[in-house]
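Colleague: Could you walk me through this one before I head back to the bench?

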Amino acid sequence: MREMGRRSEHADHPFRTLPGDDGARAPSAMTMSTSSRPDQRLTWANLWGNPMVLIARTGQKEVITSACPVAISLGLHPGMAAAHARALVADLDVRDAQPEADQAWLDRLALHAVGRWTPGAAVAGSDGLWLDLTGSSHLFGGEERFCRRLLRFLERLGFSARIAIAGTPGAAHALARYGGEAITLVEPGREAQAIAGLPVAALRLAPSALEAAARFGLERVGDLYGIARGPLARRLGLATVQRLDQARGIVAEPIIPVVPFEQPHAERRLLEPIGTAEAINQVIGDLVDDLVAQLQERRLGLRSALLTCLVVDGGEQRVGIGTARASRDAKHLKRMLAMRVDRIDPGLGIEAMTLSAQRVEDLQPDAMRADLGTGDSTPDLAPLVDQLTGRIDSQGLFRVGLKESDVPERATRRLEPLATPTGWPGWKRPARLLARPEPLDRVVALLPDRPPRRFVWRGTAYRVISGEGPERIHGEWWRSAREMWAVRDYFMVEAHTGERFWLFRRGDGVQADTGDLSWYLHGLFG
Amino acid sequence: MPQPAALPAVSRKKLATLRAELAGVRSLRGPFLSFDVPMLDDRMAAGGIDGAGLHEIAAASSRLGDDAAASLFAAGIAARFASKPGFTVLWALSRFDLYAPGLEQVGLGPSQLLYAQGKNDQEVLAVTEDALRDGSLACVIAEVKAADMTATRRLQLAASDGKTPLLLYRRHRSRDQCPLTTNSSAMTRWRIGCVPSLPPPHPGVGRPRWSVELVRQRGGNPFSLDLDACDDKGSLSNPSLSVDRTAAPAGAASRAA
């Protein structure tokens, strides 16, 4: 083995690795070796050419959390300082560890295991899985064959793994991490002998207990067997004794399995195909009752559901509903589905119907009000909103709220139907706004800041009795260059007929680049 | 008109009992809203707007100024129905040209107003009927161009079932024909137009004035009034003083602020 710390390699010439001016590809250490020798089998060492380590920052120190096989063969190991590793290996690829992403992968694997291999699966620590194989290994042709299948499956995903099967979770945990072999099978009742040769750390001890064990010269698990329990507990802590007992099977250690989230789901298979709206409604009612019972049990509320009807000729009819707020009110859901029954084309008849809750939310029961519901309460709009969205499309139902802008046509925006928007500043605003400001003809007005005396709009001449203004609104220069200097002067005027108009003039009447002094009508006051 | 003589004590007591009974019956029937303008309330058979019925509103002419006045009149009534916190008004329409900041200024704030935009009159009427039967709204305003006798009858029944007032805003279909000439089963039918406002004592524009015309009401006579427009709470009021506008012809230029 090469001596660590004295390894010295000459560094690459800094200009040789730069891409040439002729467009040739830069020499890449990663792919050269494998592509030149296609007969060689792909392994981690030649896949990754450069040694790679993952680091995590703890306090001021960067510590290696894991290292690739190449890096381990060069003498790097987890727990080493990153600066030390960089000094030892010149072309080391250092990346940040992502513990959350690792955990997410483990969670996914555990869920997969629950679905495919055994109902009792759980994530073990930050780097492993526990599978309770009791009564399920024969489905895969025995433990040995199951292990090989599992390894192949993980290899396809890109993982290298070690598997140990033992009578106790503690022994399996220790052998998988410290056993050193890809597959370890322990015969029942021989756990204590199997783990006797492993280091004490294999027992999942606390760091303080490990330090104490090192001080007392206890290195192997087997060293602990001979010590009386009382002195052992006094020196290494009661937790150590418990871990030892768990690994030997004296104390039980149950695996708490992960429970995958199952969509609430109701299904009806029908004896005879149905085709009438009444029959479909009847089945929908039954499905909703089943689904609501499940939702009630799990304290969930429905946000969106999908009704799937299996037609005799093999086709599928799908109808979706959504609710504005989580709900498990059977009457409400039935009514919403009944409104959409006409969208189902039963064809030759429907032979099965499924209702699944696509999106659910937590919905706890509400506390009853102190007055037992006899007083005035604010009505709940959510059921009405759901019902109206069934009549018109979902964009048709909205509220209008404030948008931060002084330009009148940009000051409003559409919001969700259950939003609570805030109001606008109290400047006088018209009740109806024209879609586009309409130009006025033959305007007689004093410049710069008087309302017009008379104007013609849509072919009718108006004489102005009184007016208020101007309210000056500047263009929003951050939107476009054209609005940089633009100014609108708004006036509210009352015509001789009593009608009130909201007019504006482009330009402030003094500076030519603020507008061309043309007049427009923008809205109508009542 | 001679003042009526003071009622005898027994009769006054009887009257109070009858009034209490009437109020009880009204509260069973649904919400009720009086205009708080004696001139207007006295001439209405019910003494105000029945909160479980259909009321039709149209502009006096096809001009857009009258149209805006009529929509503000509807918005003002709706704002007074929804004056309690947490109450909501639904405005169903097929063409959206309302300006929400303007509606807020007659008391119908953005958190009280929900819009439903349908593709055509049929969708608007369907939405309106659903909303009325639900009964969780303080008031419904529906803007339609055409609604025949069948449609208005359905809406009237839905309104009295759901105990929700409906203000059916009839838009003008043609320039000359008033939309209120067709038959309808509405409780009241209103025609609102702009009239020149009274000159304020200061330069500028005074409070707007409307001609409020009750074209038809159940159990009462039609009438026509000129009233001051909705304030920021949605209430109408009597004109403060009756000045003939023609008396101040020279004020036009001086009132331009």
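Modeller: What follows goes through a predicted model, starting with chain B and ending with the sheets of chain A.

Colleague: Start simple, then: how many helices and strands are there in chain B?

Modeller: Chain B has seven helices and ten strands. Of its 257 residues, 46% are buried, and among the contacts in chain B with a separation of 6 or more, residues 24 or more positions apart account for 67%.

Colleague: And how many residues of chain B are in contact with chain A?

Modeller: There are 48 of them in chain B, in contact with 45 residues of chain A. On the chain B side, helix 3 (64-81), helix 4 (100-104), strand 5, helix 5 and strand 8 (188-195) each supply at least two residues, and helix 3 of chain B gives the most, with seven residues.

Colleague: How does that side of chain B divide into nonpolar, polar and charged residues?

Modeller: The residues of chain B that touch chain A comprise 26 nonpolar, 13 polar and nine charged ones.

Colleague: Which strands of the two chains pair with each other?

Modeller: Strand 12 of chain A pairs with strand 5 of chain B in the antiparallel sense, over two bridges. Within that region, Leu397(A) stands opposite Ala116(B), a residue in strand 5 of chain B.

Colleague: I was also looking at helix 15 of chain A; is it mostly covered or mostly open?

Modeller: Helix 15 of chain A, residues 382-391, is mostly covered, with seven of its ten residues buried. Those buried residues are Pro383(A), Leu384(A), Val385(A), Asp386(A), Leu388(A), Thr389(A) and Arg391(A).

Colleague: What covers those buried residues of helix 15?

Modeller: Parts of both chains do: the cover includes strand 10 (316-327), helix 14 (330-339) and strand 12 (397-402) of chain A, together with strand 5 (113-117) and helix 5 (121-134) of chain B.

Colleague: Changing topic, which residues touch the most other members of the largest nonpolar core?

Modeller: Ala78(B) and Val89(B) do, in a core of 98 residues. Helix 3 of chain B gives the most to this core, with twelve residues. As background, nonpolar side chains tend to be buried together in soluble globular proteins.

Colleague: What is Val89(B) in contact with, leaving aside its neighbours within four places in sequence?

Modeller: With that exclusion, the contacts of Val89(B) are Ala78(B), Ala82(B), Leu108(B), Gln112(B), Leu113(B), Leu137(B), Ala138(B), Cys139(B) and Ile141(B). Apart from the largest core lies another one, of 24 residues, and Phe146(A), Ile163(A), Ile165(A) and Ala166(A) are among them.

Colleague: Back to strand 8 of chain B: how many of its residues are buried?

Modeller: Eight of its eight residues are buried. Thr188(B), Trp190(B), Ile192(B) and Cys194(B) point one way from the strand, whereas Arg189(B), Arg191(B), Gly193(B) and Val195(B) point the other way, and all are buried.

Colleague: And which strands does strand 8 of chain B pair with?

Modeller: Strand 3 (residues 54-59) of chain B runs parallel to strand 8 of chain B and is joined to it by five bridges, with Glu56(B) opposite Arg189(B). Strand 9 (residues 209-217) of chain B pairs with strand 8 of chain B in the antiparallel sense over eight bridges, and here Arg191(B) stands opposite Glu213(B).

Colleague: Now the sheets of chain A; what is the strand order in the sheet of three strands?

Modeller: The order is 2-1-3 in an open sheet with mixed pairing. Strand 2 (61-67) and strand 3 (93-96) of chain A each have a single partner strand, so one side of each is left without a neighbour in the sheet. Neighbouring strands of this sheet are turned by 40° against each other on average, direction ignored. Strand 1 (residues 52-58) and strand 2 of chain A run antiparallel and are joined by six bridges, and Ile55(A) stands opposite Ile64(A).

Colleague: What about the sheet that four strands form in chain A, and which are its edge strands?

Modeller: That one is an open sheet in the order 8-11-9-10, with antiparallel pairing. Its edge strands are strand 8 (265-274) and strand 10 of chain A, each pairing on one side only, and the twist averages 15° from one strand to the next. Six bridges join strand 8 of chain A to strand 11 (residues 350-362) of chain A, and His265(A) stands opposite Ser356(A) in strand 11 of chain A.

Colleague: Which helix lies across those strands?

Modeller: Helix 13 (residues 277-298) of chain A lies across strand 8, strand 9 (300-311) and strand 11 of chain A, and runs at about 160° to strand 8 of chain A.

Definitions and conventions. Residues numbered from 1 in each chain as written. Chains lettered and ligands numbered in written order. Predicted model: local features only at pLDDT ≥ 70, side-chain atom pairs only at ≥ 80, totals over all residues. Buried ≥ 20, exposed ≤ 12 C-beta atoms within 10 Å, placed from the backbone. Contact = placed C-beta atoms within 7 Å. Nonpolar A, V, L, I, M, F, W, Y, C, P; charged D, E, K, R; others polar. Pairing = 2+ DSSP bridges. Core = buried A, V, L, I, M, F, W, Y, C linked by C-beta atoms within 7 Å. Axes fitted to C-alpha atoms, helices over the stretch in contact; angles between N-to-C directions.
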